[in-house]
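User: Please take a close look at one part of this model: a pair of packed helices and the sheet beside them. How are the pieces arranged?

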Amino acid sequence: MVRVDGRGLSNSLIQVRGLDKKYRRGSEEIDVLQGLNLDVDAGDFVAFMGPSGSGKTTLLNLLGGLDVPSKGSITVAGDEITHMSGGKLTAWRARHVGFIFQMYNLIPVLTAAQNVELPLLLTKLSKADRRQHVESALQIVGLGDRMDHFPNQLSGGQEQRVGIARAIVADPTFLLCDEPTGDLDRKSADEVMTLLERLVSEHKKTVLLVTHDPLAAERAQTTLHLNKGVLVEGKAAEGVTS
Amino acid sequence: MKYARLVLSNLFRKKIRTTLTVGSFAVALFLFGLLAVVRGAFNQGLEVAGADRLVVVNKVSIIQPLPISYKERLAQVPGVKQVTHANWFGGVYQDERNFFPQFAIDEDSYHQMFPEFIVSNDQWKAWLDDREGAIVGDDLVKRFGWKIGDRVPIKGTIFPGTWEFNLRGIYHGTRPADDTTQFWFHYKFLEERENAYWKGLIGWYTIRIDDPDNAVRVAKAVDDMFANSPWETKTDTEKSFAAGFVKQAGNIGLIIMSIGAVVFFTLLLVTGNTMAIAVRERTRELAVLKAVGFSDRFVLFLVLFESLAVAIIGGGLGLLLAKLMTLRGDPTKGMLPFFYLPPQAIMLGVLAALAVGIAAGIFPALSAMRLRVADALRRI
């Protein structure tokens with residue numbers, strides 16, 4: 001269950017408490033996030049919406065260990081990541097986070113299978129085991145027959161599905177998706193959202209999604225809006241535009 | 001090994017750019033190889049100088065002669081085992097472009113003094129029997145297409161007139177750096193023909209000593225012996241003597257070093273710029289690698305390896321071409337005493353290529369290492 005009041009259970013998968021993030025632009029200090037609280041349980045599918053500059057991406061960066069907060073704490077599966085060193089945070093990301101990007105960010109000189117294999121190179125799996133994991137991940141996203149295709153031989157929707165396969169191949173604790181449908185046509189966007197739904201329902205993944213697309217957000221179990229640096233739940237957020 | 005695909009794939013990302021950068025290294029190292037050959041040719045005397053040989057010249061100048069009567073006295077200096085002498089002839093074959101060193105040598109002792117030059121016994125004997133005979137190095141024979149029995153006219157520049165010699169023998173070197181472009185003939189022939197001016201005079205002596213550690217003592221003893229005489233001497237090791245000759249042609253080492261430094265500096269700029277562009281183009285990809293868990297250090301080595309791979313492939317290719325060129329033979333047709341790319345120069349070239357590869361790649365690699373993922377992706 002998703003909560004934003006800071007009173008979630010201590011065994012939540014993701015627990016955010018009093019999160020502040022300030023940026024300095026010249027002499028001006030900008031408060032992006034202010035005392036933000038969030039609890040997400042395993043298997044939740046949460047969409048974050050909000051106007052541009054509201055801090056959605058900043059929040060995802062913080063949850064993914066790509067940025068450090070000015071104040072507050074983030075605990076994921078019992079690990080408090082806010083005080084981890086750079087090296088530890090990198091290793092933590094490899095184990096716990098699957099990233100799905102708007103622009104797919106596949107490496108153009110590697111095949112679909114080689115792109116998907118990237119996170120597994122950091123594990124101790126044998127070549128045969130890695131191959132097996134890659135095949136499974138690509139089967140899940142429906143691209144088992146495109147393993148040896150290069151990104152420029154795939155459509156945008158297929159590229160994004162390869163990106164999703166790369167995100168899930170190492171079986172991370174949760175997935176962070178930044179506008180995964182932002183660069184796709186409606187049909188491909190629906191396919192991607194259906195795939196994310198399946199990952200939650202069939203594979204018990206936890207998915208946190210940032211989107212501007214209300215249709216995409218509707219597919220999530222919970223929609224949260226970022227307003228003035230804090231999160232408010234979907235239905236209580238009247239007047240907040242996406 | 002599991003990272004090989006990821007690492008190598010970057011090399012083939014921009015094939016034309018990689019080819020051009022590899023080509024820059026190949027051209028630079030090819031040039032380096034040729035410069036090393038030329039430098040080696042000039043310093044050849046230093047490399048092959050015998051540690052136990054001293055050269056005795058006139059104290060005033062090397063072009064001033066010494067009396068032949070010194071030979072017996074030199075042989076009696078404690079520590080001296082052998083003595084021979086030679087004269088610089090300074091002639092040309094057919095025209096001035098065909099210059100090579102000609103020495104009027106002492107037939108009784110010269111061969112024993114320089115055992116690194118091999119002449120068959122038959123040819124040596126044939127030469128001894130012919131006062132107008134000559135023995136020449138195999139490179140010189142190749143240069144002019146001579147053969148045993150040929151009559152070779154040499155136009156004297158110091159000793160006037162045309163001197164005709166019968167080619168009686170060909171000598172070979174035992175080491176790659178041995179000079180096989182020399183032309184030897186009988187000192188007695190020179191003395192006979194230049195009786196009026198050159199009787200009893202030689203150009204310089206070479207002496208062999210019993211122990212290289214005694215070189216300083218023996219040299220001093222020789223020079224002291226002839227001090228205050230009309231023909232004072234200056235004795236030095238063969239290596240110092242050869243170095244003096246090289247200096248007469250200018251500071252060849254400095255010239256070659258200067259050219260090499262400019263070439264490598266230009267290469268550094270070209271490759272550094274290429275690597276900086278390559279990293280800038282891949283900012284998002286590098287950020288993604290970091291996001292999925294690759295360490296900063298891995299990203300550093302990824303970029304550095306790319307730079308080093310270009311350096312090694314291009315540098316290796318250039319050095320290989322330079323080596324193949326030397327193996328094909330001397331394109332100067334014997335103008336240089338030898339045309340050889342020694343293993344030390346190849347090793348130095350590889351090290352230089354590696355150094356440029358590291359220097360060109362280190363700053364882009366460091367900037368890739370320091371890349372902040374959140375900034376690079378703008379949005380995750």
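**Helix pair and sheet**

Analyst: α5(A) and α6(A) are roughly parallel to each other, because the angle between them falls under 35 degrees. This is a predicted model. The two helices, α5 (residues 156–168) and α6 (residues 186–201) of chain A, pack at an angle of about 20°. Their axes lie 9 Å apart. The crossing of α5(A) past α6(A) is right-handed.

Now the residues in that contact. From α5(A) come A:Gly156, A:Gly157, A:Gln160, A:Arg161, A:Ile164 and A:Ile168. α6(A) supplies A:Ser188, A:Glu191, A:Val192, A:Leu195 and A:Leu199. By class, five residues of the contact are nonpolar, four polar and two charged.

Next, the sheet. Six strands of chain A form an open sheet with mixed pairing, in the order β6-β7-β8-β3-β9-β10. Its edges are β6 (97–100) and β10 (230–233) of chain A, each paired on one side only. Direction ignored, neighbouring strands are turned by 25° against each other on average.

At the β10(A) edge, the partner is β9 (residues 222–227) of chain A. These two strands pair in the antiparallel sense over four bridges. There, A:Leu226 stands opposite A:Leu231 of β10(A).

Helices also meet this sheet. α1 (residues 56–63) of chain A packs on it, touching β3 (45–49), β7 (174–178), β8 (207–210) and β9 of chain A. The direction of α1(A) makes about 150° with that of β8(A). α5(A) links the helix pair to the sheet: it lies across β6 and β7 of chain A. Relative to β6(A), α5(A) runs at about 170°.

Definitions and conventions: Residues are numbered from 1 along each chain as its sequence is written. Chains are lettered from A and ligands numbered from 1 in the order in which they are written. This is a predicted model: local features need pLDDT of at least 70, side-chain atom pairs count only at pLDDT 80 or more; totals for chains, interfaces and linings use all residues. Axes are lines fitted to C-alpha atoms, for helices over the stretch in contact, and angles run from 0 to 180 degrees between N-to-C directions. Angles under 35 degrees count as roughly parallel, over 145 as roughly antiparallel, 65 to 115 as roughly perpendicular and the rest as oblique. A crossing is left-handed if the near helix is turned anticlockwise from the far one by less than a right angle, and right-handed if clockwise. Two residues are in contact if their C-beta atoms, placed from the backbone, lie within 7 Å. Ala, Val, Leu, Ile, Met, Phe, Trp, Tyr, Cys and Pro count as nonpolar, Asp, Glu, Lys and Arg as charged, and the others, Gly among them, as polar. Two strands pair if DSSP finds at least two bridges between them.
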